[in-house]
Amino acid sequence: MSLRITALTDAEENSAGRRLVWLASDPDGNPVGRAFLRLFAKEGQRHLAELDVQVHPAERRRQVGSLLLDAAVAAARDDGRRSVIAQAEARSPGASFLAAKDFRPALALIYARLPLADADLPALTATAEAPHAAYRLTAWEGTVPDELADTFVASRRAMDDMPMGTVDHGTVVWDLDRVRAAAAAVAARGDLLHTVAAVDRADGSVVGFTELVVPGSGTGDGQHYGTAVLPEHRGHGLARRMKAASILRARAHHPGLGGLLTDTADNNPHMRRVNDELGYLPTHTAHEYQLDL
Ligand SMILES: CC(C)(COP(=O)(O)OP(=O)(O)OC[C@H]1O[C@@H](n2cnc3c(N)ncnc32)[C@H](O)[C@@H]1OP(=O)(O)O)[C@@H](O)C(=O)NCCC(=O)NCCS
């Protein structure tokens with residue numbers, strides 16, 4: 001089959017980066033596949049690009065994916081990127097494809113889902129509301145309130161030592177503009193960002209947070225983003241408490257929501273245990289693959 005690869009102009013560009021797109025079409029002009037390449041723009045991640053290739057199931061094993069990949073990898077090289085990452089579910093066509101293209105598995109991720117109808121509300125309430133002399137929980141929707149902004153920004157470094165396997169992920173440097181831009185990006189696509197934070201009673205500073213994104217319709221599944229506690233405040237059960245509070249808020253604010261999705265590195269036993277205890281059920285494993293250019 002003679003294929004045509006067309007680079008599209010994609011308007012999507014935000015503070016996190018820009019996205020290049022290629023469309024593969026057959027000789028009759030029918031689309032048969034596409035590739036997205038995200039070029040990260042944040043300081044600390046400008047060496048990195050993320051690839052997402054999809055070929056129509058009826059058109060696979062005819063080199064469509066290979067041609068799309070070639071175009072995307074060439075663009076990543078031209079842009080001076082050092083690493084291309086891509087994700088595929090274990091034992092899927094994507095995993096075989098990436099391995100055949102010299103990508104190496106760099107991180108295993110366990111995906112899990114909490115069916116909200118089965119959530120143990122009394123146990124979650126007991127966890128979230130257990131009194132603690134040193135910390136209290138707070139919560140907000142959308143952008144961080146002004147009075148917590150500085151310490152919330154500072155608390156983002158709690159993500160820096162998150163287990164990332166051998167992914168060349170870089171270290172993102174956060175400032176208030178970046179935090180506000182991330183919240184604005186969620187709002188701009190019509191979704192809702194819920195944050196629960198742990199506050200040190202001694203000085204009112206944020207020491208940990210958990211973020212949840214809920215579809216604007218309030219139906220379907222919500223997606224957990226990061227959960228992190230500053231190293232000096234770990235070991236006090238804050239991640240468990242914050243996540244329990246986040247589940248309860250999601251239940252209370254969005255009764256039409258079906259479940260909550262989370263993914264955790266397989267070498268992050270602490271977070272996996274928290275998820276298990278709160279009732280998340282593993283759904284599948286995926287790997288983050290990396291190609292070094
Ligand atoms: C992965 C995907 C893009 C591959 O597209 P494709 O057009 O079938 O890929 P190609 O025909 O170019 O395959 C190139 C090589 O990859 C390997 N490969 C691809 N699919 C494979 C499969 N299902 N099983 C084993 N090897 C496979 C083979 O070595 C193949 O060469 P060969 O056919 O000469 O043996 C396609 O299966 C897909 O859209 N999957 C869902 C999305 C996804 O997982 N994307 C990958 C992560 S970005």
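This passage describes the ligand site and the nonpolar cores of a predicted model.

The ligand is surrounded by 20 residues. Nearest to the ligand are Val53, Val55, Arg61, Gly65 and Ser66. Polar contacts to oxygen atoms of the ligand come from side chains and from the backbone. Ser66 places a polar side-chain atom 2.5 Å from a ligand oxygen. For Arg60, a polar side-chain atom lies 3.3 Å from an oxygen atom of the ligand. Val64 uses its backbone instead: a backbone N or O atom lies 3.5 Å from a ligand oxygen. On its own, the ligand has 910 Å² of accessible area, and the protein covers 77% of this.

Three elements give two or more residues to the shell around the ligand. They are strand β5 (48–55) and helices α1 (64–78) and α2 (93–100). Helix α2 gives the most, with 6 residues. The shell is mixed in class. It holds 8 nonpolar, 7 polar and 5 charged residues.

The nonpolar cores come next. The largest has 41 residues. Within this core, Ile247 and Leu260 have the most contacts. Helix α6 (residues 238–253) supplies the largest share of the core, 8 residues. Leu260 touches residues from several parts of the sequence, among them Ala112, Leu114, Leu116, Leu212, Ile247, Ala250 and Tyr280. Its partners also include Arg113, Gly222 and His224. Residues up to four places away in sequence are not counted here. A second core is separate from the largest one and has 25 residues. Leu3, Ala35, Leu37 and Leu39 are among them.

Note on methods: Residues are numbered from 1 along each chain as its sequence is written. This is a predicted model: local features need pLDDT of at least 70, side-chain atom pairs count only at pLDDT 80 or more; totals for chains, interfaces and linings use all residues. Side-chain values use heavy atoms; hydrogens and water are left out. A residue is near a molecule or strand if one of its heavy atoms lies within 4 Å of it. A polar contact is a pair of N or O atoms within 3.5 Å; within protein, one must be able to donate a hydrogen and the other to accept it, and residues adjacent in sequence count only if both atoms are side-chain atoms. Accessible areas come from the Shrake-Rupley method with a 1.4 Å probe; for residues, only the protein chains shown count as cover. Helices (H or I, at least four residues) and strands (E, at least two) are DSSP runs, numbered from the N terminus. Ala, Val, Leu, Ile, Met, Phe, Trp, Tyr, Cys and Pro count as nonpolar, Asp, Glu, Lys and Arg as charged, and the others, Gly among them, as polar. A nonpolar core is a set of buried Ala, Val, Leu, Ile, Met, Phe, Trp, Tyr and Cys residues joined through side-chain atoms within 4.5 Å. Buried means under 20% relative accessible area, exposed over 50%, partly exposed in between (1.4 Å probe, protein chains only). Contact means heavy atoms within 4.5 Å.
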